[in-house]
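Reader: I'd like to go through this model with you and ask how each label is earned. Could you show it first?

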Amino acid sequence: MEPRAPDEPLVSVSDLTVRFSRTGQTIQAVNGVSFDLAPGEVLGVLGESGSGKSVTLRAMLRILPAHRSSVTGTIRVAGRDVLALSGAELEDYRGGTVSMIFQEPMLSFDPVFTIGQQIAESVRRHMKVDQQAARARALEMLDRVQIPSAKRRLDAYPHEMSGGMRQRAMIALALACKPKLLLADEPTTALDATVQIQILLLLRELQREFGMSVIFVTHDVGVAIEVADRIAVMYAGRIVETGSVREVIRTPRHPYTQGLLSSTVRGELRGQRIEAIPGSPPDLAAMPPGCAFAPRCKHARDECLRAVPGAVDVGGGHEARCVLLKLAA
Amino acid sequence: MTLLTVSGLRKHFPLKKDLLGRGGGTVHAVDGITFDVAQGETLGVVGESGCGKSTMARLLLRLIEPDEGLIRLEGRAVGTQMPLTEARGKMQMVFQDSFASLNPRLTVEDSIAFGPIVHGLPRAQARERARSLLARVGLEPLRFAGRYPHELSGGQRQRVNIARALALRPKIVILDEAVSALDKSIEAQVLNLLLDLKVEFGLTYVFISHDLNVVRYMSDRVIVMYLGKIAEAGPAESVFGDTRHPYTRALFSAMPSMDPDRRTQQPPLIGDPPNPIDPPPGCRFKGRCAHAEDICGRGDITLTSAGAEHRVACLMTQPGSGHSSAPGKAA
Ligand SMILES: Nc1ncnc2c1ncn2[C@@H]1O[C@H](COP(=O)(O)OP(=O)(O)OP(=O)(O)O)[C@@H](O)[C@H]1O
Ligand SMILES: Nc1ncnc2c1ncn2[C@@H]1O[C@H](COP(=O)(O)OP(=O)(O)OP(=O)(O)O)[C@@H](O)[C@H]1O
Ligand code: SF4
Ligand SMILES: [Mg+2]
Ligand SMILES: [Mg+2]
């Protein structure tokens, strides 16, 4: 085997925590998330609803409400200390270095401007080109994301588009300035299978073309398999398992990942109940001391409740945070 | 028993011309759709993004006015024989955009209780109902009742919307991508809940989704839409098991492979993306269909029976249509 220096990571997140304060309680939304991402690498993020996937991405883009949230830890992207950025540097980072596709397409468009105006404006600002070139770039991007009659849709307002078209327009907006890092939060949920595959192929193409790294949050395991190099699985604000797509999908090691993968509806007969993981996720305002999955886990034992299990490497960078692995080791 | 009848439903959106008089044209969002829904059944609706599913849903609730067509609920024409307010109490919708139907200034509990209070339920009872629904969609009321919409994750908000729609005890619930933001375990929980409530309250669902596995699992009958029209319709088992329309086949074959070593390399459909602006005559799938012949571009193609309750809008299934693959003329 040839020794090779590992790629300098584009992204390095370490011990990220995010807390929201509400009257009389603190919600621990993200609890010590750490990961690296190489240039051109695609990380697929799966996880429970409410487990902190969107909040992690929002923290990376620095768009959490400043007065009601507190963020600690470090986030480095392309050599910059993201949590220390301010003013013009922050402006340049958002949209220039990193851009985000939001879970709610309506949030990233202003209802009073046309789709074309909004994409062109972003291109003009970040790529420093004139109005005409910016509009041409907007048109090119709408075409690439498969919006029919892209030319006429440039002048459409967000509410005049279907859910899936808005989602594609948002993908066009996010990609127009060739970001180094794309944060994609459920970018294809509003798309039918045929368009979805085309968008995934487009993302793969762009990623090869200019080495873009992607963090891709999805609930669809099939989608993660199509795009991701590595997978991270989140539960209650922590990454509980991470590894290559093959490893995590074929031999999931954390009981939550195992439960998640077996709940997927795949040709069950009608009327037959689908298996869901019993119980509900922990109260993020009163996090249990040990493994957050313990109350729902059929393998739970005393040790699970004592302290948060550390990550155990089961080989080839496949890690999971579960005491069973420590016992087995 | 038929609960809802939709006939000849049509909605076109004119596009504005620009200053030079370019552009214009008309989006044929819903272009003559006819179907009915029986009491207690689940009708699945699938189709290409932009084919008119959400527009159809909004028309059913009369959130937008149809250009043409008639909607009957319990045999009475909505808008004339049945007042809109009455119809809206009987039909509820879970919107594709989870922020759309939640008031940002109301707590989750108040949002869910709002409808029942307006319809005369005492406050305390409405609150009680809101809390019990929150619990059933997997959101512990003690933790979530007092939250505002922006304090929830996407999937949590979507579940609040489902609870809100169910709170009025409607007869029909139209679910537009209602489980698309949920992880698979919660999705299973919500689908199980929908099936339970259906039995408990005799509900009827119109279930719009891009997830074909879920549609197959939930639906008794399915309609497949393409550019504002129905391409194929029938019992779920025959639409999925004996797929007839070339578009439906392409759609079903586009499901991800689920195998990291065999990723999809080719798009399932080539040709121009479908364009609802001033579509040409004939079959709307023609430009992308591998079986298209000249005859496909002439005249309207009607939905025609292709076996027990299974209807298809494709000349290849219509005896004597003139398409070279059409079956011989029926005796
Ligand atoms: N502004 C806020 N105030 C209080 N709590 C919040 C706020 N924003 C998010 N949360 C909580 O933080 C947790 C993480 O939310 P996040 O949106 O990251 O979840 P998610 O993993 O993206 O879930 P989903 O798959 O449902 O979108 C959730 O439990 C949510 O209720
Ligand atoms: N208010 C409007 N003005 C102009 N065009 C509109 C308006 N509302 C919808 N349309 C157009 O009508 C067509 C159908 O849209 P609709 O939202 O019904 O699609 P859909 O099937 O729900 O798609 P998706 O799966 O992407 O949500 C689209 O071309 C859309 O752009
Ligand atoms: S640490 Fe214990 S409770 Fe947590 S997943 Fe492993 S076995 Fe289950
Ligand atoms: Mg989210
Ligand atoms: Mg829609």
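Author: Gladly! Buried means under 20% relative accessible area, exposed over 50%, and partly exposed in between (1.4 Å probe, protein chains only). This is a predicted model, where local features need pLDDT of at least 70 and side-chain atom pairs count only at pLDDT 80 or more, while totals for chains, interfaces and linings use all residues. Residues are numbered from 1 along each chain as its sequence is written, chains are lettered from A and ligands numbered from 1 in the order in which they are written, and side-chain values use heavy atoms, with hydrogens and water left out.

Reader: Why is B:Q96 called partly exposed?

Author: B:Q96 has a relative accessible area of 24%, and partly exposed lies between the buried and exposed limits, so the label fits.

Reader: What makes B:S54 and B:Q96 donors of the magnesium ion (ligand 5)?

Author: Donors are N, O and S atoms within 2.8 Å of the metal (3.2 Å for Na, K and Ca); water is not among the atoms, so sites may look incomplete. B:S54 (OG) and B:Q96 (OE1) lie 2.0 to 2.3 Å from the ion, so both qualify. The pair ties together parts that are 42 residues apart in sequence, because B:S54 lies in helix α1 of chain B and B:Q96 in the loop between β6 and α3 of chain B.

Reader: How do you know that A:R153 and B:T55 make polar contacts with ligand 2?

Author: A polar contact is a pair of N or O atoms within 3.5 Å; within protein, one must be able to donate a hydrogen and the other to accept it, and residues adjacent in sequence count only if both atoms are side-chain atoms. A polar side-chain atom lies from a ligand 2 oxygen 2.9 Å for A:R153 and 2.5 Å for B:T55, so both pass.

Note on methods
Helices (H or I, at least four residues) and strands (E, at least two) are DSSP runs, numbered from the N terminus.
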